[in-house]
Amino acid sequence: MKQHKKGLTILILVTAFLLAAALLAGSPGRTESVQAAMRDSVLHDVNQISLFGWKAVNPGLISAFITTAVLLLAAVCLRIFVIPRFQYVPGKLQLLLEEVVGLFDRMSQASSPHRFGFLGAYIFAAGSFIFTGTLFELLGLQAITVHGHPVTLPAPLSDINSAIALGTLSYLVILSGGIASNGLQGVRMTLKEFSLPISMSFRLFGALLSGLLVTELVYYYISLSFVLPVVVGVLFTLLHALIQTYVLTMLTALYYGEVSEKPKERKKKPKKKWFARHRHK
């Protein structure tokens, strides 16, 4: 008990010393103001990265490429080295994989019991990309901009272009379910929700961008750059990763199930002839 109290006391003293040193040192000189840094986090019109010397692109695109490559490599490794060794009594990794896949499979079956095969695969892929891409910013990988300045690679979906692309793709998947089940009527039912890709895109973009801006603001000032960024960064990142993965996959599954459901045929009551109704009169 005494050792725990002693360790806690040392931790508090070290934290207080670092905060006091930061306040006395003040903020170092910056090449840009905090307003310019936060503006560039939204528009990406200054800190762009050269894509193989061909074109200057947003840092979010590089993050998306890295995230996609990591997911594809992980899928190949799991398919070659892990899945063939599955056993009747599952181990920890097998149990984790089965639980994750089963979670999205159950979600697709509950939302679209009549057509859920492709839906389950898509929401699993989209959810994996959102979750992994959101956690990507915790790595703090850096790249050199076209102007020679280092920049930390953000989460892919903090770029509005990536969020719009994923929202539009989800809308097209919903549209494909309507066409496959109901033909032109499915198209009409899907087009009624014309604001769906916009709402899904900006929901992703706004949620992830808010965490990015808060973290950027905390890191900008050296007086706040001890201890607090760890709590803020991890909290916002994990929270957004879980919430946005659930929200987009759930919305996609619900709308897919709605537009792909076949309309119930109304039972037509047989018309009775006039003489049958009046034969007793």
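Trainee: Which residues have the most contacts inside the largest nonpolar core?

Mentor: They are Tyr 122, Ile 123, Ile 130, Leu 157, Leu 166, Leu 204 and Leu 248, in a core of 25 residues. Keep in mind that this is a predicted model.

Trainee: And which elements give two or more residues to this core?

Mentor: Helices, going by the labels: α4 (92-111), α5 (117-136), α6 (160-182), α8 (196-220) and α9 (228-260).

Trainee: Let's take Leu 166. What is Leu 166 in contact with, leaving aside its neighbours within four places in sequence?

Mentor: Leu 166 is in contact with Tyr 122, Ile 130, Leu 157, Leu 204 and Leu 248. Those five names also turn up among the residues with the most contacts inside the largest core.

Trainee: What lies apart from that core?

Mentor: Another core, of 8 residues. Ile 49, Ile 62, Phe 136 and Val 151 are among them.

Trainee: Phe 136 and Val 151, okay. Which residues does Leu 141 touch, not counting those up to four places away in sequence?

Mentor: Leu 141 touches Phe 136 and Val 151, plus Thr 152 and Leu 153. With Val 151, the C-alpha atoms are 8.4 Å apart in space, and the two residues are 10 apart in sequence.

Trainee: Where is Leu 141 found?

Mentor: In the loop between α5 and β3 (142-144).

Trainee: Is Leu 141 buried or exposed?

Mentor: In between: Leu 141 counts as partly exposed, at 37% relative accessibility.

Trainee: Let me zoom out. How many helices and strands are there in the protein chain?

Mentor: There are 10 helices and 4 strands. Their order along the sequence is α-α-β-β-α-α-α-β-β-α-α-α-α-α.

Trainee: How much of the chain counts as buried?

Mentor: 34% of the 281 residues. As for the outside, the accessible surface is about 18,200 Å², and carbon and sulfur atoms hold 69% of that.

Trainee: What about contacts with a separation of 6 or more: what share comes from residues 24 or more positions apart?

Mentor: Also 69%, as it happens.

Trainee: Back to the surface. Which residues form the nonpolar patch?

Mentor: Leu 93, Leu 96, Val 100, Val 101 and Phe 124, with about 400 Å² of accessible area together. Helix α4 provides the largest share, 4 residues, while Phe 124 lies in helix α5.

Trainee: What does the ring of Phe 124 pair with?

Mentor: With the ring of Phe 104, in the 1 aromatic pair counted here. The ring centres are 5.7 Å apart and the planes sit at 80°, so the pair is edge-to-face.

Trainee: Why does the pair tie together separate parts of the sequence?

Mentor: Because Phe 104 lies in helix α4 and Phe 124 in helix α5, the pair links parts that are 20 residues apart in sequence.

Trainee: Is Phe 104 buried or exposed?

Mentor: Phe 104 is buried, with a relative accessible area of 8%. Phe 124 is partly exposed, at 30%.

Trainee: New topic: how many salt bridges does the count come to?

Mentor: The count is 1 salt bridge. The side chains of Arg 106 and Glu 99 meet there, at 3.4 Å from N to O.

Trainee: And how accessible is Arg 106?

Mentor: Arg 106 is partly exposed, with a relative accessible area of 46%. Glu 99 is partly exposed as well, at 47%.

Trainee: What about Thr 190, is that one buried or exposed?

Mentor: Buried: Thr 190 has a relative accessible area of 1%. You'll find Thr 190 in helix α7 (residues 184-191).

Trainee: What does Thr 190 touch, not counting residues up to four places away in sequence?

Mentor: Tyr 171, Ile 174, Leu 175 and Val 259. Ser 176 is 14 residues from Thr 190 along the chain, and their C-alpha atoms are separated by 9.3 Å.

Trainee: Ile 174, hm. What does Tyr 255 touch, with residues up to four places away not counted?

Mentor: Tyr 255 touches Ile 174, along with Glu 193 and Leu 196. Tyr 255 is in helix α9 and counts as partly exposed, at 22% relative accessibility.

Trainee: How many residues apart in sequence are Tyr 255 and Gly 177?

Mentor: They are 78 residues apart in sequence and 9.4 Å apart in space, C-alpha to C-alpha.

Conventions: Residues are numbered from 1 along each chain as its sequence is written. This is a predicted model: local features need pLDDT of at least 70, side-chain atom pairs count only at pLDDT 80 or more; totals for chains, interfaces and linings use all residues. Side-chain values use heavy atoms; hydrogens and water are left out. Buried means under 20% relative accessible area, exposed over 50%, partly exposed in between (1.4 Å probe, protein chains only). Contact means heavy atoms within 4.5 Å. Accessible areas come from the Shrake-Rupley method with a 1.4 Å probe; for residues, only the protein chains shown count as cover. A nonpolar core is a set of buried Ala, Val, Leu, Ile, Met, Phe, Trp, Tyr and Cys residues joined through side-chain atoms within 4.5 Å. Patches are made of residues with over 30% relative accessible area and no salt bridge: like charges are joined within 9 Å, nonpolar side chains (Val, Leu, Ile, Met, Phe, Trp, Tyr) within 5 Å. A salt bridge is a side-chain nitrogen of Lys or Arg within 4 Å of a carboxyl oxygen of Asp or Glu. Rings of Phe, Tyr and Trp (its six-membered ring) pair if their centres lie within 6.5 Å; planes under 30 degrees apart count as stacked, over 60 as edge-to-face and the rest as tilted.
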